[in-house]
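Trainee: Got a minute to go through this one with me? I would like to start with the helix packing.
Mentor: Fine, put it up.

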Amino acid sequence: MKRIVTAAVAALVLTGSLAGLAGCGVGPSVDELIRDDVASELELIGEDAAASTDAIAANMGQELDALGVDAKAFAQAYTDGYSYSIDAVDVDEEAGTATARVSMSCKSMAKILADFKTAFTDKVNSLDLNGMTQDDLYKLGGETLMDVVAKAEPEKKTLDLVYAKGEDGEWRADESAATELMDALKG
């Protein structure tokens, strides 16, 4: 089950990359470039983002198939209630740094897995396991997982996504931005 968490988060984060942004003084401001970059990445996570759903399905499909769970249905349930807003972008051109403050609501994968473990254990302990096959238990696990994911409430989180201006003049998300996003999704 831990592989499912890792695969889900990796799929969500890796469907896009925080690209380099030119800030040459002509065209959009650094603030606008960073806002556009953050928005393009965070839009990939939303429930209507086919690329994100497909990536989750590709990365988790085998494990979810074993539980009788449709990977796309899982991805849609997981991203249900997801939202974000870019509250501010603070740019320090002299220092070559910028921070995008983002408010995000998303379901916690850690909480989902903890609730799944508890719910599944409770269900199994309440059953007479005589006559149940391994397939029956996997099916029960899949039903329980989908129930837990559907009932999970999004949690509000604040992220500070750091950007830095490279020697080439392009603004890029710092490695910490991907880590912060991944941590927020994991919960």
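Trainee: At roughly what angle do the axes of helix 4 and helix 6 cross?
Mentor: The axes of helix 4 (residues 71–79) and helix 6 (residues 134–151) cross at roughly 25° and come within 8 Å. Axes here are lines fitted to C-alpha atoms, for helices over the stretch in contact, with angles from 0 to 180 degrees between N-to-C directions. Helices (H or I, at least four residues) and strands (E, at least two) are DSSP runs, numbered from the N terminus.

Trainee: Before I go on, what sort of model is this?
Mentor: This is a predicted model, where local features need pLDDT of at least 70, side-chain atom pairs count only at pLDDT 80 or more, and totals for chains, interfaces and linings use all residues. Residues are numbered from 1 along each chain as its sequence is written, and side-chain values use heavy atoms, with hydrogens and water left out.

Trainee: Back to the pair: are helix 4 and helix 6 roughly parallel or antiparallel?
Mentor: Roughly parallel, a label for angles under 35 degrees (over 145 is roughly antiparallel, 65 to 115 roughly perpendicular, the rest oblique).

Trainee: And which residues make the contact?
Mentor: Helix 4 contributes Ala-73, Phe-74, Ala-77 and Tyr-78, and helix 6 contributes Leu-145, Met-146 and Val-149. Contact means heavy atoms within 4.5 Å.

Trainee: How many residues of that contact are nonpolar?
Mentor: Seven are nonpolar, with no polar and no charged ones. Ala, Val, Leu, Ile, Met, Phe, Trp, Tyr, Cys and Pro count as nonpolar, Asp, Glu, Lys and Arg as charged, and the others, Gly among them, as polar.

Trainee: Different topic. How many aromatic pairs are there?
Mentor: Three, taking rings of Phe, Tyr and Trp (its six-membered ring) with centres within 6.5 Å; planes under 30 degrees apart count as stacked, over 60 as edge-to-face and the rest as tilted. Phe-74 and Tyr-78 are stacked, because their ring centres are 6.5 Å apart and their planes lie at 0°.

Trainee: Where do Phe-74 and Tyr-78 lie?
Mentor: Both are in helix 4, four residues apart, about one turn of the helix. Phe-74 and Tyr-78 are both buried, meaning under 20% relative accessible area (exposed is over 50%, partly exposed in between; 1.4 Å probe, protein chains only).

Trainee: What about Phe-116 and Phe-120?
Mentor: Also a stacked pair, 5.7 Å centre to centre with 15° between the planes. Both lie in helix 5 (residues 109–125). Phe-116 is buried at 9% relative accessible area, whereas Phe-120, at 21%, counts as partly exposed.
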